[in-house]
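The following exercises train the reading of a protein structure, residue by residue. Please attempt each task before consulting its solution.

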Amino acid sequence: TPPAGWTLVRRMDNASGIANSLAVYFRVTVAGEPASHTWTFSASTGSAGGISAFSGVDTSSPVDVENGQNTAVSLTQSTPSVTTTTARAMLVTSHAFSSCANWTPPAGMTEAFEAASNAVPNSAGMSMEGSYVLQAAIGVTGVKSAVASNDADSGNAHILALRQAP
């Protein structure tokens, strides 16, 4: 359950291999923003998460386009490709799977966060990474693939494009 003020973009549940989920949310910050945010889980065998903050985003309609998918058992976890409809979109990706690993972000992207529920390497728990890059022109993003260091597993991957403020 998200804290108040967070909007669900997409939730993906992967039942293959060790079942796992990835939920992507956004929040437009406000004056008096809290120092932390508390999430509630109904059940968990391992949880990992991260928050990325961006300025210069259209606060009335921040998400230009988004998509996500379940990923097969592999060290390489890939997002689908999307087509942006606005110039200067900030591409943001999330990659997660059912093992605790270190991650190499997608080529050309900057890693914003990396988290694991257990010490790395570990075939139990969850790990994820989030990355970003500016896409100057309207168009196809291409697939964005992050690579985990160990214990190939199934997971989920998501990509979204943030719309620049007018």
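**Exercise 1. Salt bridges**

How many salt bridges does the structure hold?

*Solution.* The model is a predicted one, in which local features need pLDDT of at least 70 and side-chain atom pairs count only at pLDDT 80 or more, while totals for chains, interfaces and linings use all residues. Residues are numbered from 1 along each chain as its sequence is written, and side-chain values use heavy atoms, with hydrogens and water left out.

Step 1. Recall the criterion: a salt bridge is a side-chain nitrogen of Lys or Arg within 4 Å of a carboxyl oxygen of Asp or Glu. Side chains of opposite charge can pair when their charged atoms come close.

Step 2. The structure holds four such bridges. One of them joins the side chains of Glu 66 and Arg 10, at 2.8 Å from N to O. This pair links distant parts of the chain, since Glu 66 belongs to strand E3 and Arg 10 to strand E1, 56 residues apart. Strands, labelled E, are DSSP runs of at least two residues, numbered from the N terminus.

Step 3. Another bridge is formed by Arg 11 and Asp 13, whose closest N and O atoms are 2.8 Å apart.

Step 4. Arg 163 and Asp 64 also meet through their side chains, at 3.2 Å from N to O. Here Arg 163 lies in the segment after E10 and Asp 64 in strand E3, 99 residues apart.

**Exercise 2. Buried or exposed**

Classify Arg 11, Asp 13, Arg 163 and Asp 64 as buried, partly exposed or exposed.

*Solution.* Step 1. Apply the limits: buried means under 20% relative accessible area, exposed over 50%, and partly exposed in between, with a 1.4 Å probe and protein chains only.

Step 2. Arg 11 counts as exposed because its relative accessibility is 51%, whereas Asp 13, at 45%, counts as partly exposed.

Step 3. Arg 163 counts as buried because its value is 18%; Asp 64, at 11%, is buried as well.

**Exercise 3. The nonpolar core**

Which elements give two or more residues to the largest nonpolar core?

*Solution.* Step 1. A nonpolar core is a set of buried Ala, Val, Leu, Ile, Met, Phe, Trp, Tyr and Cys residues joined through side-chain atoms within 4.5 Å. In soluble globular proteins, nonpolar side chains tend to be buried together.

Step 2. The largest core has 13 residues, and those touching the most other members are Leu 22, Val 24, Val 92, Ala 96, Met 128, Leu 160 and Leu 162. The elements sought are strands E1 (7-14), E2 (20-26), E5 (89-97) and E10 (153-162). The largest share, three residues, comes from E5.

Step 3. Apart from this core lies another, of five residues, including Phe 97, Ala 101, Trp 103 and Ala 148.

**Exercise 4. Two serines in a loop**

Which backbone oxygens do the side chains of Ser 98 and Ser 99 reach?

*Solution.* Step 1. Locate the residues: Ser 98 is in the loop between E5 and strand E6 (103-104), and Ser 99 lies in the loop between E5 and E6.

Step 2. Ser 98 is buried because its relative accessible area is 2%. Ser 99, at 1%, counts as buried too.

Step 3. The side chain of Ser 98 reaches the backbone oxygen of Ile 18 at 3.0 Å. For Ser 99, a polar side-chain atom lies 3.2 Å from the backbone oxygen of Asp 151.

**Exercise 5. Backbone angles**

Where is the cis peptide bond with omega of about -5 degrees, and what is phi of Arg 88 and of Asp 151?

*Solution.* Step 1. Most residues other than glycine have a negative phi, and most peptide bonds are trans.

Step 2. The cis bond joins Val 120 and Pro 121. Pro 121 is placed in the loop between strand E7 (110-116) and strand E8 (127-135).

Step 3. Phi of Arg 88 is near 60 degrees, a positive value. Arg 88 is found in the loop between E4 and E5.

Step 4. Asp 151 has a phi near 55 degrees, again positive. Its place is in the loop between strand E9 (145-148) and E10.

Terms used. Helix = DSSP H or I, 4+ residues; strand = E, 2+ residues; numbered from the N terminus. Polar contact = N/O pair within 3.5 Å; in protein donor to acceptor, adjacent residues only side chain to side chain.
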